[in-house]
Amino acid sequence: MTSICSALTGEQVDAYLERIQLPKAYRRDKCPALDVSFLSRLQGYHVSAIPYENLALHYAKDTNISLDVAELHKKLVQRHRGGYCMENNILFHHVLLFLGFNVYLAGARLFRAGTGRSAGWSGWEHSVNIVTLKQQRYLVDVGYGGNGPRSPLPLVEGSIYENIGTQTMRLVYETLPGSRQRQWIYQVRNAEDQPWIQNYAFTEIEFFQRDFDVINFFTSCHSDCFLTSHLLVVKYLREGDKVYGKIVLDDDKVKKNEGGQNVLVQICMTERERVEALRDQFGIELTDEEQKGIQGRMSALR
């Protein structure tokens, strides 16, 4: 994964660009410039077409999340499914590599709010892309979910950028509690009069395939990971080139945010209702075998 060569073929990349419905002007045969404008469109079209979702941790008889690029392409592109952070960002990483971007993957720590043993900063549980354009590095993340950035974020401390609706985002460069080294911290603020919320922290150290294999094992199997006990699907809403909102399935609740406030759309009372919501609201079709896989799990609707 850290090789300068992509694991994808031209045919696979074309299928991906069709999957995210990228405008024809930015397809490979048009040779678009490798600039921030092109990168922004790739990111915005990805998050509004390929959901963040952890359904394979719940609607499956056996949990087996593969980070093999060919398998990711089959799942996210051919089957029109989504994936969680590493699935989305690793696939996106190889697309960027194929297109010629200067990019590498890095790991990130999540900030867990609230009480309990998971409160505070986690270990390495997330992945991000770092892209360099004209000697400026950018955070590019298509796999964080609800409060993730919709566009590339320059690694510049303190600068504030618009995200969705009234939400703004920034990076600060600070030490974490118990650490002696500074890290980039991604923060969002839902309005000017509200406090900044810490989301995740990352360094500029490149991560390898083996690193993500270890992270993926914890994320998909450990009971201390939020994703193993809670079902979450996030798909961004786009009009033209602009990402303006998002729709979320949080366990049994479907919520929509179209620029500032969450509105409850539906409460799923049964598994049938949730499977139908996944199909109708997120474009995700689960097989009969996958639907049966949730039986007996704590995330099943009773």
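This report covers buried charges, salt bridges, one helix and the internal spaces of a predicted model.

## Asp141, a buried acid

Asp141 sits in the loop between strand E4 (136–140) and strand E5 (153–154). Asp141 is buried, yet has no salt bridge. The nearest side chain of opposite charge belongs to Arg112, 13 Å away. A salt bridge needs the nitrogen and oxygen within 4 Å, so that pair does not qualify.

What does the side chain of Asp141 make a polar contact with? The partner is the side chain of Asn89, at 2.9 Å. A backbone group also comes in: the nitrogen of Tyr144 lies 3.5 Å from a polar atom of the Asp141 side chain. Leaving out residues up to four places away in sequence, Asp141 touches Gln43, Asn89, His126, Ser127, Val128, Pro149 and Tyr200.

## Arg150, a buried base

Arg150 is found in the loop between E4 and E5. Arg150 is buried and has no salt bridge. Here the nearest side chain of opposite charge is Glu162, at 4.3 Å. The cut-off for a salt bridge is 4 Å, so Arg150 and Glu162 are not counted as one.

Backbone oxygens meet the Arg150 side chain instead. The backbone oxygen of Val243 is reached at 2.6 Å. That of Asn163 lies 2.7 Å from a polar atom of the side chain. Setting aside neighbours within four places in sequence, the contacts of Arg150 are Gln43, Gly44, Glu162, Asn163, Ile164, Lys242 and Val243. Gln43 is thus listed among the contacts of Asp141 and among those of Arg150.

## Salt bridges between elements

The count comes to 15 salt bridges. One of them joins the side chains of Lys75 and Glu87, with N to O at 2.8 Å. This pair links distant parts of the chain: Lys75 is in helix H3 (residues 69–78) and Glu87 in helix H4, twelve residues apart. Are these two partners buried or exposed? Lys75 is buried, because its relative accessible area of 15% falls under the 20% limit. Glu87 is buried as well, at 2%.

Glu290 and Arg79 also meet through their side chains, again at 2.8 Å from N to O. The two are 211 residues apart: Glu290 lies in helix H8 (residues 288–292), Arg79 in the loop between H3 and H4. Glu290 counts as buried at 15% relative accessibility. Arg79 counts as partly exposed at 37%. Both belong to a network of salt bridges that links Glu53, Arg79, Arg81 and Glu290.

## A salt bridge within H7

Glu271 forms a salt bridge with Arg274, the closest N and O atoms being 2.6 Å apart. Both residues lie in helix H7 (residues 271–282), three residues apart, about one turn of the helix. An α-helix has 3.6 residues a turn, so residues three or four places apart point the same way. Glu271 is buried at 18% relative accessibility, and Arg274 is buried at 0%.

## Helices H1 and H4

Helix H1 (residues 10–19) has Gly10, Gln12, Val13, Tyr16, Leu17 and Arg19 as its buried residues. What covers them includes helix H2 (36–47), H3 and H4. After H1 comes Gln21, with a positive phi near 60°.

H4 spans residues 85–99 and holds His93. His93 is buried, with a relative accessible area of 1%. The C-alpha atoms of His93 and Lys134 are separated by 19 Å, with their positions 41 residues apart along the chain.

## Cavity and pocket

How many cavities of 30 Å³ or more does the structure hold? There is one. The largest cavity contains about 80 Å³ of space. Its lining comprises 13 residues, and Val47, Val142, Gly143, Gly145 and Tyr236 lie nearest its centre.

The largest pocket holds about 1000 Å³ of space. Its lining takes in 35 residues, with Tyr144, Gly146, Asn147, Asn199 and Leu232 nearest its centre. Several elements each supply at least two lining residues: strand E2 (102–112), strand E3 (120–133), strand E9 (197–202), helix H6 (226–229), strand E10 (232–239), strand E11 (242–250) and strand E12 (253–257). Tyr144 ties this pocket back to Asp141: the Tyr144 backbone nitrogen lies 3.5 Å from a polar atom of the Asp141 side chain.

Notes: Residues are numbered from 1 along each chain as its sequence is written. This is a predicted model: local features need pLDDT of at least 70, side-chain atom pairs count only at pLDDT 80 or more; totals for chains, interfaces and linings use all residues. Side-chain values use heavy atoms; hydrogens and water are left out. Helices (H or I, at least four residues) and strands (E, at least two) are DSSP runs, numbered from the N terminus. Buried means under 20% relative accessible area, exposed over 50%, partly exposed in between (1.4 Å probe, protein chains only). Lys and Arg count as positive and Asp and Glu as negative; His and the chain ends are not counted. A polar contact is a pair of N or O atoms within 3.5 Å; within protein, one must be able to donate a hydrogen and the other to accept it, and residues adjacent in sequence count only if both atoms are side-chain atoms. Contact means heavy atoms within 4.5 Å. On a 1 Å grid over the protein atoms alone, a cavity is a set of points where a 1.4 Å probe fits but cannot get out, and a pocket is an open set with protein on both sides within 12 Å along at least five of seven lines; lining residues have an atom within 4 Å of a point. Grid points are joined across faces, edges and corners, and a volume is the space filled by probe spheres set on the points.
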